Structures are given as C-alpha cells and as structure tokens.
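User: Could you take a close look at the cavities in this protein for me? I'd also like to hear about any odd backbone spots while you're there.

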Amino acid sequence: MNKATAITLLVILAVATILRFDFLFSTSHKVSHDTIHYDAMVRQLLDEGVYAYKSTTSNAQVTPGYPLFMAAIYKLAEGLSYEPFPIIRVLQVGFSLVSIALGYLIAARLAGRQAGLLTAATMAVYPPFIWANGAILTEPLAAMLLLLYVWLQLLAFEQKRWTLHALAGAAMGLTVLVRPEFLVLIGASYVLLLIRGRQLLETAKLFLFALIGAGLVLSPWVIRNVVTLGEVVVASTQVNPFAAGTYPDKNYDDGLVDRKGKTQMEVAKERLRIGFTEHTWTYVKWYTIGKLKYTYGRMFFGSGHSPLYPVIPLRQPVHLVIVFSGTLAALLMLRRWRQPAMLLVVLLGTISLTRLAFVPEFRYNFTAMPLLIMLGSMLAVGLWQRFKPTRDNGRSANTSTEEGAAHA
C-alpha cells in the first residue's frame, strides 16, 4: 500500500468513525423484540447460570456468540456502574470499522487498490452499516467475522498452507457461533476449490484442516449441548424461522394447515407438502423470486431510531444500485469462474440460497451486502479502467491489472 492509498483509506475510516459516533449520540435508539429476549436471556445466564432463549430451561435455540459477548459487557458495565447497551453500541462501531478495513483488503487483493478504496468508501456511508450499530443485534459482529473468514479463506486458497486453512475454519467457527446459518459456507468454499483445481485428495486434506479449525472453536458449544441437553447440536435448534418461511407473503392466517396439537416442524412439513402439491405456482414463486425480492428489496434500518439519521440522500436507489451492480458482476464473473474473486460469488449465491429456506426479512441482507459492494466496486473500477478517455488509458489499465494480479 503506497502513501496516497494509506492516507485515502485513513480519511475514509475517519469519516466512517465520525458518522457512526454522531449517529449513536444524536439519536434515540429503539429496542427490538429480539433485543428484549437477548437481554432476558443474558440476565438469566448471569443470575441463574441457565443458558436458554425464551425459556427458563436450558436449550440451544440460539448459538452463544452474541449472548456471551453481551454477558461480558454486562459484567463490565456492572463494575463501571454503567448501562451495558451504550458500551455494546460503541464496540459495534469498532466491529463496523474493522469490517470496512477487511472490505478494503479483500477487494484490493482481488482487483487492485482502486476497487478496495471504492469498497471501503461505499461501506463507510452505506446507511445500514451505520444504523445497525445502534441495534443490540448480531449483525455488526456477524458481518465482521464473515469478512474475516473471507479474507483468511482467500489467503488459504492462494498459499495452500494448512495453518491458513485451519485459521479460516476457526474464523468460520466464530461466525457460526454468532449466526449458525453460515456453516454451509465452508463446504461451498471447498467445493469451489475442488472444481477449480480438480485435486480431490489435496482438497480433501485442506478441507480437513479447515474442519479441524472450525471444530476446535465449536467444540465447547457442542460438548455443552451433549452434556446439558443430551443431544449433539452443532449450530442451533431454532425452528421458527424455517416454519415461518412456509407462509407465502407472510400470510400467517391462510388456514392451509390445522396447527392444533402439532409442533412447528410438523406444521412446516405439512405446509410444504400441501403447498408444493396443491398450490405449486404460489409456493415455487414464493421460494424463489418472492423471498429474494423481499430479502434484498429494501435496506435494513436496524432496530429503529429517531429522529431519522439520513446519512446520504437517495438511500433506497443507492441500495438497489449496489444490489443490481453486485449481481451483474457476479453473473459476468461466471464466464471467468477460475479467478479468485469467484469465492465471493459462491459465498453470495450460497447465502442467498440458504435464505430461501427461512422467513425473508430485510435484516437478512445485511451480511450479504459487503459481498455485493465488493463485487459492484470491482465491476465499476473495471469498466472505468476500460473506457476512461485518457491518453495513457492502456498503460493505466495494464498497471492496475498487474496490481490486481499481483494481489490475487
């Protein structure tokens, strides 16, 4: 990184910091339904030693990453005679800034410093990445850990060192402890490596190291579940998001199935069977275009705040530009699928497909947006380098291409 790039990145991070702290201290933050339950869960854990979500009996409804983070801050706040939520919000600003730095590193490694800086600048002012810091929810921590995984996985794929693969696996383990649905990403990553390199034994060995790294991180949680609950639970046992996803257009009173005396999973399975056989088009549309449109159609507003902190004008159009440009970049990249940046496409595709199994929420696009921003930035810089009207267009394009190749 040269001096000009370093200064530019520092300016971007400074602007991002100012915006985030100004948001935290100039607005009134609302407390969401999920936050209320997290708060009760953490206080119960600290007071009674019972780890349970929406229950007084031990369970594995949610993974322990964020609740344990909250518990640590609650103990710190108690010692300082201070409220825990403001401390959590300030720390989440730190997570957000680390995410911006990781976004720069990933995009710069894949497509050169211009793509990295554009990624960082976009992440700095994208409104949900500011608003989410006021919410006592998993998003800021999950996004940072996911980007850490992407960064380490790229390094591991390039260098083939077992230590890097184990570290990438450990980063994925940490991510899963915060958001369990991302567990499938590690498998998708190594399927890409296998297809790209066509070396079964070598890929299997590297995948094993990644699984060992993830397993070491997840093992305390798995052991706790075996000892306390008497069952092997790697991620979580929460069924509600899956069951709620079986209601097209979120019409929870459609009367398709009699729910009396049945578990959520039994109702969900019956709804899927009847839905796809008797209302085929409605369910096919809901489980494809419907859920994708609902998930990515609008930006995430956090838990809510007042007065509205606008950040930038034309917020919704900016969000849609990011979604469409990132999607276009992903589709164009399929033509050159052996390049390292294909990892972003595979992860984005896997995240989006995984989301189709659950109830769609705008909140669920949050962790995918950094990937879309990176892909869109890479596309924008590539188009600029190709068509910019300067005398040294060819030389500049070649220089940037060589830079991107060197990083990749």
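**The cavities, and a few backbone oddities**

Analyst: Let's start with α4, which gives the most to the lining of the largest cavity, with three residues. Keep in mind that this is a predicted model. The helix spans 84-111, and along with α7 (139-159) it belongs to the elements that each supply at least two residues of that lining. The full set of lining residues is Ser96, Ser99, Ile100, Met123, Phe129, Asn133, Pro140, Ala143, Phe366 and Pro370. So what kind of wall do you get, class by class? The lining has seven nonpolar and three polar residues, and no charged ones. The space inside comes to about 80 Å³.

How many cavities turn up across the whole structure? A search finds two of 30 Å³ or more. The second largest holds about 30 Å³ of space. Around this one sit Phe23, His29, Trp131, Gly134 and Ala135, joined by the run Phe301, Gly302, Ser303, Gly304 and His305. Its wall has four nonpolar residues and six polar ones, again with no charged residue.

Now for the backbone. Here's the background: most residues other than glycine have a negative phi, and most peptide bonds are trans. Against that, the bond from Ser306 to Pro307 stands out as cis, with omega near -10 degrees. Where does Pro307 sit? You'll find Pro307 in the loop between β2 (305-306) and α14 (315-333). His305, one of the residues lining the second largest cavity, falls within the β2 range of 305-306.

That loop between β2 and α14 also carries Val311. Val311 has a positive phi of about 70 degrees, although it is not a glycine. Is Val311 buried, partly exposed or exposed? With a relative accessible area of 21%, Val311 counts as partly exposed, because buried would need a value under 20%.

The other positive phi to check is at Lys54, again a residue other than glycine, with a value near 60 degrees. Lys54 lies elsewhere, in the loop between α2 (33-48) and α3 (65-80). Its relative accessible area is 52%, so Lys54 is exposed, the cut-off for that class being over 50%.

If you're going back to the viewer, try the loop between β2 and α14, with the cis bond leading into Pro307 and the positive phi at Val311. Then swing over to α4 and α7 to see the lining of the largest cavity.

Conventions:
Residues are numbered from 1 along each chain as its sequence is written. This is a predicted model: local features need pLDDT of at least 70, side-chain atom pairs count only at pLDDT 80 or more; totals for chains, interfaces and linings use all residues. Side-chain values use heavy atoms; hydrogens and water are left out. On a 1 Å grid over the protein atoms alone, a cavity is a set of points where a 1.4 Å probe fits but cannot get out, and a pocket is an open set with protein on both sides within 12 Å along at least five of seven lines; lining residues have an atom within 4 Å of a point. Grid points are joined across faces, edges and corners, and a volume is the space filled by probe spheres set on the points. Helices (H or I, at least four residues) and strands (E, at least two) are DSSP runs, numbered from the N terminus. Ala, Val, Leu, Ile, Met, Phe, Trp, Tyr, Cys and Pro count as nonpolar, Asp, Glu, Lys and Arg as charged, and the others, Gly among them, as polar. Buried means under 20% relative accessible area, exposed over 50%, partly exposed in between (1.4 Å probe, protein chains only).
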